[in-house]
Amino acid sequence: MTNSSNHLRDFKFYCAVCQLKLSIEERFKGQIISCPKCKVDFHAPKPSYPAGTYIGDFRLDALIGSGSMAEVYSAYHKLMDRWVAIKIIKQKKLDLEERLRFQREIQCLSRFHHPHFVGVVYAGEYHDDYYLAM
């Protein structure tokens, strides 16, 4: 699925079966598509942010996964020359207790440095959503 001359935004994500990075135009979000590598048919995800969106100093690359309240993207920080995963929590979908739980998750992960724990690079807010760069 390629962009037409009117330059539609591309939404990138990974095939859940073979991990091939795929790209779709906004109009294909949620529709059934086929992976060109493994030939599996699936519903294209509906990422909230297109590839190239900046969340702070992080440039989003592709959707890694999503759930009912969060999305995780691969992202690149140019100055640090570092790839990270960014977890974006939709605050509108959270009640107060869930927001506090996410804040505790950020604080807890930022205190520990262990090879079996995800390391926190940065946390912040973007358009009323919390994000955690790992």
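This passage looks at one helix, a cluster of tyrosine rings and a buried glutamate in a predicted model. Residues are numbered from 1 along each chain as its sequence is written, and side-chain values use heavy atoms, with hydrogens and water left out. Local features need pLDDT of at least 70 and side-chain atom pairs count only at pLDDT 80 or more, while totals for chains, interfaces and linings use all residues.

A good place to begin is helix H1, which covers residues 96-111. Helices (H or I, at least four residues) and strands (E, at least two) are DSSP runs, numbered from the N terminus. The end C-alpha atoms of H1 are 23 Å apart, which agrees with the 22 Å that its 16 residues should span at 1.5 Å a residue; the expected span is 1.5 Å times one less than the number of residues. The buried residues of H1 (under 20% relative accessible area, 1.4 Å probe, protein chains only) are Glu 98, Phe 102, Ile 106 and Leu 109. They sit on the same side of H1, because they cover an arc of only 90° around the axis, taken from the directions from the helix axis to the C-beta atoms. Their packing partners are strand S8 (82-89), strand S9 (122-126) and strand S10 (129-133). On the face turned away from this buried side are Leu 96, Glu 97 and Arg 111, which are exposed (over 50%). At the start of H1, the backbone nitrogen of Glu 97 has a side-chain oxygen of Asp 95 within 3.2 Å.

Strand S9 also contributes to the aromatic picture, through Tyr 126. Six aromatic pairs occur in the structure, counted where ring centres of Phe, Tyr or Trp (its six-membered ring) lie within 6.5 Å; planes under 30 degrees apart are stacked, over 60 edge-to-face and the rest tilted. Tyr 49 and Tyr 73 form an edge-to-face pair, because their planes meet at 65°, with ring centres 6.3 Å apart. This pair joins the loop between strand S4 (41-43) and strand S5 (54-55) to strand S7, 24 residues apart. Tyr 49 counts as buried at 12% relative accessibility, and Tyr 73 likewise at 1%. The rings of Tyr 49 and Tyr 126 have centres 5.7 Å apart and planes at 65°, so this pair is edge-to-face. Ring pairs thus link Tyr 49, Tyr 73 and Tyr 126 into a cluster.

Strand S7 (residues 70-77) also holds Glu 71, which counts as buried at 7% relative accessibility. A polar atom of its side chain lies 3.2 Å from the backbone nitrogen of Ser 48.

Terms used: Polar contact = N/O pair within 3.5 Å; in protein donor to acceptor, adjacent residues only side chain to side chain. Contact = heavy atoms within 4.5 Å.
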